[in-house]
Amino acid sequence: MQQLIDQINKYRQEIQSEPVSNAAELEQFRIKYLGSKGLVKTIMGEMKHIAPENRKDAGQLLNDFKLFVETHFEELKLTAGGPGLSQSGPAYDTGLPGLPLPLGGRHPISIVRNRMISIFQRLGFSVAEGPEIEDDWHNFTALNLPEDHPARDMQDTFYISKNPDWLLRTHSSSVQIREMEKRELPLRIICPGRVYRNETISARAHCFFHQVEGLYIAEDVSFADLKQTLYFFVKEMFGNDVNVRFRPSYFPFTEPSAEMDISCLICGGNGCSVCKRTGWVEILGCGMVHPQVLENCGIDSNRYTGFAFGMGIERITMLKYQVKDLRLFSENDLRFLKQFNQEV
Ligand code: PHE
């Protein structure tokens, strides 16, 4: 066995000092060591003469040697005349430009989220973030949804089996509660983030999506302020030609509550399958913060008022770029994602 080890070491030295500087010598090297009658094949054939108790070690030794010769050959190829290159001198053209490195681009959801943030920042809103695993208080109870409140069923919730008080947040309104509890008023925040709902995955729903919710609490905040803020947002996001309407709605944490629609960008308001022939598409929920929610966070509801709104970034992105299937956003198909690269 020792004899074999010494022999292999000698071959290794010999191979390393083998002069190979052009394509012809490279080919000779290949034939001599890696060809069908070359050294590697020959010594592999010697295996049968090795004592059975040494076969395992010898096999390992010879495999390592084979790998060594192959790797060395690949390295020589780079420096000594690879196929198609000059027959003498270095094998690669040092004047060739480097391989382009793909730079990547932003995900459409990130592009739209960043744009939304910058629109609201111009109105004085700052960004607030909070945990995705929430407790019942911040996701529901403080938002005027006590236990057994039927409105809890509006959002199918993922609970965490370890602790029934924990859940994956169903909206980023929970961040608004956390910020109100800090009670630094006036408060003007937007809360972008991922939220989770136990919904069957389809072209229009997923088990997670992204939201931007907003909150403004100060003295004398009115519904007119809410409307003006949202009008500004829509014009900045979709342009001046888009029409807007408010419809009365219900949320336990706002009173009065509304949903806002914009005129369908696909058919221009004439009616198509996307807007279900109504000419309008819903983009967000909003309203004046319910006094009970303010009180739950220790804010004097006689002195302070506020508005809140919440929207899905996926929905806004689908309308902006006319994407028809929500699943495209999480499939990581580069053919889809590359189409947004210009807008970093
Ligand atoms: N939290 C609501 C949702 O996720 C949206 C909303 C936010 C509605 C603020 C009104 C006010 O559906």
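Visitor: What makes the link between the side chain of Arg197 and the ligand count as a polar contact?

Guide: Look at the distance. An oxygen atom of the ligand is 2.9 Å from an N or O atom in the Arg197 side chain. The cut-off for a pair of N or O atoms is 3.5 Å, so at 2.9 Å this pair passes. Keep in mind that this is a predicted model, and that such distances are computed from it.

Visitor: Which other side chains pass that test with the ligand?

Guide: Gln211 is one of them: an N or O atom of its side chain is 2.8 Å from an oxygen atom of the ligand. His171 is another, with a polar side-chain atom 3.0 Å from a nitrogen atom of the ligand. Both values fall within 3.5 Å, so both pairs are polar contacts.

Visitor: How much of the ligand does the protein cover?

Guide: The ligand on its own has 330 Å² of accessible area, and the protein covers 92% of that. The ligand also sits in the largest pocket.

Visitor: How many residues surround the ligand, and which are the closest?

Guide: There are 14 around it, and the closest are His171, Ser173, Arg197, Gln211 and Glu213.

Visitor: Which strands supply at least two residues of that shell?

Guide: Strands E5 (208-218), E8 (280-289) and E9 (305-312) each do. E9 gives the largest share, three residues.

Visitor: Why is Gln211 called buried?

Guide: Gln211 has 6% relative accessibility. Buried means under 20%, so Gln211 gets the label. You'll find Gln211 in strand E5. Besides its ligand contact, its side chain reaches the backbone nitrogen of Ser172 at 2.8 Å.

Visitor: And what about Gly310 in strand E9: buried or exposed?

Guide: Gly310 comes out at 15% relative accessibility. That is under 20%, so Gly310 is buried too. Here's something fun to find on the model: Gly310 and Leu284 are 26 residues apart in sequence, yet their C-alpha atoms are 5.7 Å apart in space.

Visitor: Let's try a helix. How do you know whether Glu179 is buried or exposed?

Guide: Same recipe. Glu179 lies in helix H7, residues 173-182. Its relative accessibility is 14%, under the 20% limit, so Glu179 counts as buried. The side chain of Glu179 also makes a polar contact of 3.0 Å with the side chain of Lys182.

Visitor: How many disulfides does the structure hold?

Guide: Zero. A disulfide is a covalent bond between the sulfur atoms of two cysteines.

Visitor: Why don't Cys272 and Cys267 count as a disulfide?

Guide: The sulfur of Cys267 is the closest cysteine sulfur to that of Cys272, but the gap is 3.7 Å. The pair would have to be within 2.5 Å, so 3.7 Å is too far for a bond. Cys272 itself is buried, because its relative accessible area of 13% is under 20%.

Visitor: How far is the sulfur of Cys286 from the closest cysteine sulfur?

Guide: It is 15 Å, and the closest one belongs to Cys191. Against the 2.5 Å cut-off that fails, so there's no bond here either. Cys286 has a relative accessible area of 2%, so Cys286 is buried.

Visitor: What makes Lys276 stand out in its backbone?

Guide: Its phi is near 50 degrees, a positive value in a residue other than glycine. Most residues other than glycine have a negative phi. Lys276 is in the loop between E7 and E8. At 60% relative accessibility it is over the 50% limit, so Lys276 is exposed.

Visitor: What is the phi of Asn332, and where does Asn332 lie?

Guide: Asn332 has a positive phi of about 55 degrees, although it isn't a glycine. It lies in the loop between helix H10 (313-321) and helix H11 (334-337). Its relative accessible area of 58% is over 50%, so Asn332 is exposed.

Visitor: Where can I find cis peptide bonds?

Guide: One joins Leu185 and Pro186, with omega about -5 degrees. Pro186 is in the loop between H7 and strand E4 (187-196). Another runs from Glu255 to Pro256, with omega near -5 degrees. Pro256 is in strand E7, residues 254-263. Most peptide bonds are trans.

Terms used
Residues numbered from 1 in each chain as written. Predicted model: local features only at pLDDT ≥ 70, side-chain atom pairs only at ≥ 80, totals over all residues. Heavy atoms only, no water. Buried < 20%, exposed > 50% of the residue type's maximum accessible area, 1.4 Å probe, protein only. Near = heavy atom within 4 Å. Polar contact = N/O pair within 3.5 Å; in protein donor to acceptor, adjacent residues only side chain to side chain. Areas by Shrake-Rupley, 256 points an atom, 1.4 Å probe, with all protein chains shown as cover. 1 Å grid on protein atoms, 1.4 Å probe; cavity = no way out; pocket = protein on both sides within 12 Å on 5 of 7 lines; lining within 4 Å. Sits in = over half its atoms within 2 Å of the grid points. Helix = DSSP H or I, 4+ residues; strand = E, 2+ residues; numbered from the N terminus.
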